[in-house]
Amino acid sequence: MVIVAAVLAGTQFLAPMAVSDTAFTGIDGGPYAADWTAAVDGPQPHNGIVPDLAVPITMSDGVVLKADVIHPADNGRVPDGRRPVILQMQGYGKLPLLVGEAVLSAADGLGIKQPLEAWAASLNLPGAGVDGLFDMTRQLDSGALEAAAQDWALAEAGYTLVQVDTRGTGTSEGAWQVFGDREKQDVAEVVDWITRQSWSDGTVGAMGISFTAITALEATDRAPAGLKAVFAYEGSADIFTDIAGPGAAVGVGFLVPWLLGVNALKMIPDVTALLVGKFDPVQQGRWLRDRIADPLTLVDMVVNGYTAMTPDQLTARTRELVDPNSGFRRGLQTDITRIQVPTFMVGAWFDIFGTTPTDTFDAIPLPREQKKLIMGDGYHLGSGVGGFGHPGLPPRLDVLQRAWFDHWLRGIDNGIDRFTPMVVKQQGGGWTDAPEFPRTEAVYRRMYLDDIPSGTSPGSHYDGGLSAEPRQAAVRDLTVTPALSSLCVRDAARITAGATAILDLCTNDSRVWENDGLSFTSGPVSAPTTVSGPIAVHLNVVEDAADGYWVATVNDVAPDGVSREIATGQLVASMRQIDEDASKRSPNGDYTEPHYFLDLGRRQQTVPGVPVTLDIALTPIEAVLQPGHRLRIDVYASNFPKALPPMIFLADSGLKPEHLRLDPDVPSWVNIPLTAAIPAGS
């Protein structure tokens, strides 16, 4: 699964990232790519592995974590010498990964893995309505599986692999901390333990996907001396902003199943230790005691959050979520300023963690030779890297990962530091590099919402216009109500990690959702127009109750009327207080990234009938509006299962209708970075 540090205030974020004297390659890796691929696909120095399973590692507080150590082997024997180590801190239990790696290794040994991956990647049934399924299978020959798991091929390449169950999960003792301070200390202690082993040369790389990518980023927190590099695939340095509470609404569609899944998996006993003759009844007894004491970590918080009608009904534990100074809330963030080792990240615009990677990349205090970011147009079940390894596209992910570790752990001058720092898939366009983000040629512009019909969205609850100049002539209230049409939209695909993206109608067209929303559409662009950067929507709203919940999306509307969402944001009205020190503005003075306190102590309920202004932060994007396409802003009053505000907010809102007030004296607009002006809707 499933954290951003202090950001620069004011307009400083618009300055280009520091450019070094190094000449970076294009997205395909330039002259170095062939050697990177050959290092993975060519002959390896070792021909097998020797596993050392269920290895106990005792933490400074006495808690025992369990590890699997995979050594390289020559004809069944571990060779002499010390080697660099690649660490993965696991949250789902190392047993499933062990089984999965054994299957992949067996398939590779039989010579069928690559042909099967290539065959699966070639599948396609145009017009069947399940293109999303093939978008996922298309990634199977991109090295994504190998980069996500601890591929045993890394051991044959001369690395020792260490897989450790995080405290309170899998076979490790203790209570699951959910990215807390003690968990960060554990990672540092594990790194230190590795450096003291006879088979370690003292250099460690951290890697992982999702949950384990988060722990890889966490590994930097205590700056352990042995840690030399990180490769984080679909991770997060700010879980709260990404999923736990963006805009004060909880990402229930992922968070609840995830909590239940981790809590279920952590109850599986140490089968591996039993099979290899290392079963320790005393240690297993302590493991069982810890599981009985904490069987459903954080589930009580979720239940309390959705049953407490008033603040005084919140438990102390739940209050930690709405207190920005609590240890739990701080634990959901990685301090980016502590990242002092070369870090390679892979994400996607509609990944569940897609909100923060660009900010994280910019904030890592390292030169661009030592930090890289790939952003695809995909979901958590696949970041949209289909085609990697093919001509004109980036190398496979396993190739990039291997080159990264070879350079930073082994000191091989293979040119990976000169790989282009930021590679992005433009929504509506192709793969390209981004010298900076937002692009310097993209200028922030207001586009105003008005009640002039565009004639392009007849199915919307209201079809309005979007213009670079204010056109609203008189005050008018447009009403939206909570609804469930968001069950099958791109936001639902995002929060379900891409599961619903299998169906085209649930990802590529918002017109069903727009039946319950207000649409504001521009005129068509005459030339390709790039949108690059974070976006903010400024709304003048009126509530019928003491609270409300607002959702805004940015859509790319094709000439045939298909409306594809490219950015999304949300905000509970009573939690609208903005932290100016953490927020960002464009030169025109408007917010581009408003950051909220999301502090229950600062809550300001709305007064029925009295207008308030909301500045809603939308996800950063890189997109291209092709000629004939239009820009659309959609406004809604709900977004389940993408997010659901806690019961305190829902109770005060009464799920009553809400009103967007279009007032020429208090206009509503979107502040959006564009490479060219967009004509008004007619």
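**Exercise 1. Locate Pro641 and describe the peptide bond that precedes it.**

Solution. Pro641 lies in the loop between strand S21 (630-636) and helix H20 (647-653). Helices (H or I, at least four residues) and strands (E, at least two) are DSSP runs, numbered from the N terminus. The bond from Phe640 to Pro641 is cis, with omega near 10°.

The model is predicted: local features need pLDDT of at least 70, side-chain atom pairs count only at pLDDT 80 or more, and totals for chains, interfaces and linings use all residues. Residues are numbered from 1 along each chain as its sequence is written, and side-chain values use heavy atoms, with hydrogens and water left out.

A cis peptide bond also joins Phe437 and Pro438, where omega is about 0°. Pro438 is placed in the loop between strand S10 (431-433) and strand S11 (443-450).

**Exercise 2. Identify the disulfide and state which parts of the chain it ties together.**

Solution. A disulfide is a covalent bond between the sulfur atoms of two cysteines. Here the term is applied to a pair of cysteine sulfur atoms within 2.5 Å. By this rule the count is one disulfide. Its partners are Cys488 and Cys506, with an S to S distance of 1.7 Å.

Next, consider position. Cys488 lies in the loop between strand S13 (476-480) and helix H18 (490-495), and Cys506 in the loop between H18 and helix H19 (511-514), so the pair ties together parts that are 18 residues apart in sequence. Then consider handedness: the torsion about the S-S bond of Cys488 and Cys506 is about -90°, so the disulfide is left-handed.

Finally, consider accessibility. Buried means under 20% relative accessible area, exposed over 50%, and partly exposed in between (1.4 Å probe, protein chains only). Cys488 is therefore partly exposed at 23%, whereas Cys506, at 4%, is buried.

**Exercise 3. Determine which side chain of opposite charge is nearest to Asp491.**

Solution. Asp491 is found in helix H18. Lys and Arg count as positive and Asp and Glu as negative; His and the chain ends are not counted. The nearest side chain of opposite charge is Lys642, 5.0 Å away. A salt bridge requires a side-chain nitrogen of Lys or Arg within 4 Å of a carboxyl oxygen of Asp or Glu. Asp491 is buried yet has no salt bridge. Leaving aside neighbours within four places in sequence, Asp491 is in contact (heavy atoms within 4.5 Å) with residues including Phe350, Trp513 and Lys642.
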